[in-house]
Amino acid sequence: MVPLSWYLIFAAALFSIGMFGVLSRRNAVAILLGIELMLNSVNINLAAFWRYGDVHLMAGQVFAIIVFAVAAAEVAVGLALVISVYRSRRTVVADEIDMMKW
Amino acid sequence: METTTLIWLIPLPPLLAFFLIVLFTNRSKALSHTIAVGAAALSFIGSMIVFVRALGVEHLGEHPFESAINWLPTGDTWFRIGVLIDPLGAAVLFFVAITIFMIFLYSVGYHNYGQPAGDHDVKGLPPHGATVTDEHGHKHVVPSVEPMYSRFFAFLGLFAFGMYTLVVSDNLLTLFVGWEIMGLCSYLLIGFWYGKPSARDAAVKAFMTTRVGDVFMLLGIAFLYSATGTLTFREIFTEETLHALASTPAWFGMTASGLIALLLFIGTVGKSAQWPLHVWLPDAMEGPTPVSAMIHAATMVSAGVYAVIRMFPLLTADWNGHELTTTMTIVAFIGAFTALFAATIAVAQNDIKRVLAYSTISQLGYMIAALGIGAYVAAAFHLITHAFFKALLFLGSGSVIHGMEHGVLHTGNHHVDPQDMYNMGGLRKKMPITFWTFLIGGFALSGFPLVTAGFWSKDEILADAFGHGHLAVFVTLAIAAFLTAFYTMRQITLTFLGEPRTEEAKHAQETPWTMTTPLIVLAFFAVTYGWVGISEHFPILGGLVPNWFHDFVGHTLAEVPEAPEFSWIPLLTSLVVALGGLALGYLTYRNVKSVSEDKFQIPLLKNKYYFDEAYNFLFIRPAYWFAENVVYKFLDKGVIDGFLHAFGPFTQGTGSALRNYFDLPVINRAIGDGSAEITYWFGGKLRGIQTGRVQQYLMLALVTFIVIGAALYFFVFAA
Amino acid sequence: MDFISTHLLSTILFFPALAALVMLFLPKDEAKLHKWFALAASLVPFVLSLVLWFNFDPSQPGYQFEEMYTWYAAIGSSLHLGVDGLSLSMVLLTTLLTPIAILASFSINDRTKAYMMLFLFLETGMLGVFMALDLLIFFVFWEVGLVPMYFLINQWGSANRNYASLKFMIYTMGGSLGLLLAVQLLGVLFKTYDLQTITEQWSAYTAPIGGIPASTFKTVAFWAFVIAFAVKVPLWPFHTWLPDAHTEAPTAGSMILAGVLLKLGAYGFLRLVLPLYPAEAKYFAGALAFLAVAAIVFGAFGSYAQTDFKRLVAYSSVNHMGFVVLGIAAAAYAAGTADARIALNGAILQMFNHGLSAAGMFFLVGVIYERTHTRNLEEFGGLFPLVPVYGGILIFTSMASLGLPGLNGFISEFLVVRGSFGVGVNSVPVMAVYTAVAMLGLLFTGAYILKGIKKVLHGPMNEHWAHGEHKLTEINTREIIVMVPLMVLILWIGLYPSWILDVINKAVVMLF
């Protein structure tokens, strides 16, 4: 069987890619995509720890499902926000949406 | 009726009369005086019945009429009040009842009952006369009725109530009640014509001066009550109680009995106008004349002496029969001194009533001196004879004044003082009844030998003083007796003898029957009452009539005092001073035409040794000054309120200091405003990092996370 | 009827307050209605307290008509009411004087509704103090009485009323601060405020409190009590609020102030200080007696110095209440002796008597003030012929105040003097000296009373009041009706005091 560390390394890599996307992309939609990547890397971790831990305890799976739900909800809300911002400001560039400052 | 019930009832009719007149019949003069005189008559009849019954009781001294009820609860016991008629009480009741009744009757005439209301009379001032037109159309000025006629009788009733209460009391407290009620009445009656400033001030003076004595007396009563637990005479005057009191040392080197007796005696000094509290009595002449008679003869001043006679067993409780105790010495001294002192003043007075006023003080001094040397019966005897002849003299002088007022109204010259003896003269023809009765009274006062009552009582005092070796007292009293005879004759000569000195005196008139009847009745007693107390050792007369008075009144005491041995010296002395004084008085004033010829108008005497001025300077003004400046302005307004008023600004100052130097700078500025300012400044500095760019925030969070994570790793987990 | 017989005290106590609440709903401008309503409402407690008086059994020890309701269970305080002979006479005095004072204020036409309501509240406050058997309740009512009085002076008083009302309030509040603290101390110690329980335990309490000896605590608490009550009595030198408050208060306010409120202080001495602190009271009796004598003497002198008629009467209260405290001090010196009982009888009777005569005097001053709008003695003079009935009543009441035998004041003053002098003779000589000095005050009582009469009634008539628009009118029927009950009682107690003194005496014998 593949050792647990492989999954973890993979998940960390995926997380880093997602984070890079979040921090570096200018398009808000792309940032949301990055967030999705980060969430899914966490899911991988959760599933891996469940599989390699006590399989009778379902917490890992349940958490993963909750994260799916959260991610779906978040994307729905996030995209709606982006669209609404776009409608009023004609842009989806994150740096330009800075009216929430002092 | 039971005698004791009757005694309870004796004081009540005058009291009832007082309330009836004040509350209901005030407007009707006739009804008011009927009620008042009727009440006096009822009390008079009751007193006479009691007196007669008392005479019929053998050993009344041991078995007096007495009855008592519970009155004040005091802890587990009751304070009882009641009535008591023992021989002394009976004898006093007799003269009190007669004189009071006579005075009531006399007042009807004195206040011009039946005369028209005055033209300009107002309440609070003496009546000034009324103009009437007779059938021929002539206008006459006649005396007008007193505007406050009813009120006078009401007060007189209350006065009588006070005196009766005092006489029938079986204890010191109700005696004191009667005593003070008389004090009030004297205040009300001396100030009866309150519209006159002089009358008003005299009333206050009388009340306050006697009150000085009264507070001491109250203290004495409290002392006695504390020491013995009772105030009932017959319980105090038991062998054991007196002995206990006499052997208890109190303060000032006196025994308890001596100190109590002294305190009680000071009350008498006030009430009986003894030196040094005599000043009120001459001024009390401001009242209507019946009042003077009431105060000076029948009731108030006699009450003072009566109280000392009552308390005689206490006064002499620590007396061995020879050496006078401290208290007795003081009593004897004050009495003898007053007797002489007042007699000297009387010589220089021109007001007919003032002469009598000083003679009263002087005669009371006699009685007090007699008590001071232990002459119990003599003092009581003189008290009673004096009451008769002094009431007679006062009412007589009132009659004279009344007659003179007639003259004044006739001539219309209101500047003539109807009381000044130098405005009189020759009145014996105009007012014969008044003259003869006044003569009897005056001779009794002077001690005219054998026929008058005054001789017997005065002689007994002198005999006692001589017999017991109190020579100083004897000499003083003898001189006083001489002066008494002298000024009495001066008075009679100036008033009645010779020729009228003024137009007014020529038109004086005899007074109505209501005024002359009392004079005649009292004159009768002024003569005859002396015969009931003739000493058995008196040459010839002694033994002809039994010495009833000594026998009767003497039995009030547990041990009947012995009458002094007869001696010619005091008898001759009293003969010489009485006759000599009368003769000298007549000779000196027979031909005096006006006041400037009077050799005895010495300023010192005329101004009563300046006692009024001295008291005013020493006591009254300092008291007022103390009250106003020290107590009110300095202590209350200055110190206490000053402290308070300083306390207000002090708190205010503290408050504002706290606000200005702590609240405002420290709390408000430093802590309150300061924290806000710091936050504001810090926020201003920090706000630069809030760019609104999501990715910057995330970057910052990441960096922070990494830094904290690294720090945790290196410093916590790795270490 | 059954309810009333079992709740007699609380009915008497709260009826005036309830009536005042009902008054809220009366129309605002009906002055006449307010007056009659308040009078009727205050007569009810009076009638009930007569019932109380006649159903009271003086020979039975302890409190009677006791009632107990939960009030503040958490701290152990309950609404505990009861009366004994001591408080009964005070309850009677209060319920008697309130209708009289309300009748006396019928001449007031300014904001009658509020005025009458305050008066009724005041009655509840005063009655509460006399009936309370719980320290906290006692304190609450003690303060409750203050508020209506403050407003009565402040709103209906004369020229200088702001100053006077503030002084009254601050003085009394200042005095009761210590009282509150001391009451709390007792409450904390015994977990209850019940007077009977505390009395039993506190007087014998010896254990140290918080490391400090009990005696220190007791001494401090004793003075806290004493000062609170001394301000109210008022004792020299805490008396200067009184002349101002009395002078500026409306007539009826002065009547109640002198008639009842001063008695609260003296009552506090009798109900709390003597039973709670017998040892301290004995130890400090000399100081108390000294202050009492100072009050008697300086009160008399102070009164003598006045030119304002009302102030003169006000100072006389200081003088008369001094005798109450003198009696109490004497009793504290020699508790349990016959002398002490006589002194206490005198002190309590003096409280009652002063209530009658002082109320009467203030009313009479008010009568003449209403007509002349001046209180300056120099502006009167010779008024007797104009107002003979008034003059007669004034002389009568003045004589009661002066302590003339035959009227009520004498009985009580005599008993106090007798009691305190007896203590002086039989146990503590210094009391004899104090009593003797107090006699000086008695002498000057005469001086100031006579001064008042002399300046108002006697002497040459001041023509200003005789004619025209200033013509002085005679005392009217309503005013006579106000005076009649007072005068009847003054005379009745003076002639036959044992109807009331018997009740007082039995209470005193049982209590002290």
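**Exercise 1. Work out whether C:R311 is buried or exposed, and find its salt-bridge partner.**

Step 1. C:R311 has a relative accessible area of 10%, so it counts as buried (buried means under 20% relative accessible area, exposed over 50%, partly exposed in between, with a 1.4 Å probe and protein chains only).

Step 2. Its partner is C:D244, and the two side chains meet in a salt bridge at 3.4 Å, N to O (a salt bridge is a side-chain nitrogen of Lys or Arg within 4 Å of a carboxyl oxygen of Asp or Glu).

Step 3. This pair links distant parts of the chain: C:D244 sits in helix 11 (residues 241-248) of chain C and C:R311 in helix 15 (residues 309-333) of chain C, 67 residues apart. Helices (H or I, at least four residues) and strands (E, at least two) are DSSP runs, numbered from the N terminus.

Step 4. C:D244 is buried too, with a relative accessible area of 3%.

Before you go on: this is a predicted model, where local features need pLDDT of at least 70, side-chain atom pairs count only at pLDDT 80 or more, and totals for chains, interfaces and linings use all residues. Residues are numbered from 1 along each chain as its sequence is written, chains are lettered from A and ligands numbered from 1 in the order in which they are written, and side-chain values use heavy atoms, with hydrogens and water left out.

**Exercise 2. Look at two further salt bridges in chain C, C:D339 with C:R418 and C:K506 with C:D502, and say where their residues lie.**

Step 1. The side chains of C:D339 and C:R418 come to 2.9 Å, N to O. C:D339 belongs to helix 16 (residues 338-372) of chain C and C:R418 to helix 18 (residues 408-426) of chain C, so the pair ties together parts that are 79 residues apart in sequence. Both C:D339 and C:R418 are buried.

Step 2. For C:K506 and C:D502, the N to O distance is 3.1 Å. Both residues are in helix 21 (residues 498-511) of chain C, four residues apart, which is about one turn of the helix.

Step 3. C:K506 is partly exposed at 29% relative accessible area, whereas C:D502 is buried at 18%.

Step 4. Now the overall tally: over all chains, the count is 23 salt bridges.

**Exercise 3. Describe how chain B meets chain C, starting from the contacts.**

Step 1. Count the residues: 53 of chain B are in contact with 68 of chain C (contact means heavy atoms within 4.5 Å).

Step 2. Together the two chains bury about 5,300 Å², 74% of it on carbon and sulfur atoms. Buried area here is the accessible area (1.4 Å probe) that two parts lose on being put together, summed over both. In chain B, the residues losing the most area to chain C are B:W71, B:Y194 and B:R211, together 11% of what that side buries.

Step 3. There is one salt bridge between chain B and chain C. C:K454 forms it with B:D201, their closest N and O atoms being 3.4 Å apart. B:R200 joins B:D201 and C:K454 in a network of salt bridges.

Step 4. Which helix of chain B gives the most to the side that touches chain C? Helix 7 of chain B does, with 16 residues.

**Exercise 4. Do the same for chain B and chain A, then compare the contact lists of two residues inside chain B.**

Step 1. Eleven residues of chain B are in contact with 14 of chain A. About 1,000 Å² is buried between them, and carbon and sulfur atoms give 58% of that. On the chain B side, B:Q690, B:R693 and B:Q695 lose the most area to chain A, together 48% of what that side buries. The rule finds zero salt bridges across this interface.

Step 2. B:V553 is in helix 24 (residues 548-554) of chain B and is buried at 0% relative accessibility. Leaving aside neighbours within four places in sequence, its contacts are B:P87, B:L88, B:A91, B:Y376 and B:A380. B:V553 and B:Y376 are 177 residues apart along the chain, yet their C-alpha atoms are separated by 9.1 Å.

Step 3. B:H470 lies in the loop between helix 20 (453-467) and helix 21 (471-496) of chain B, and is buried at 13%. With the same neighbours left out, B:H470 is in contact with B:H322, B:L324, B:I373 and B:A465.
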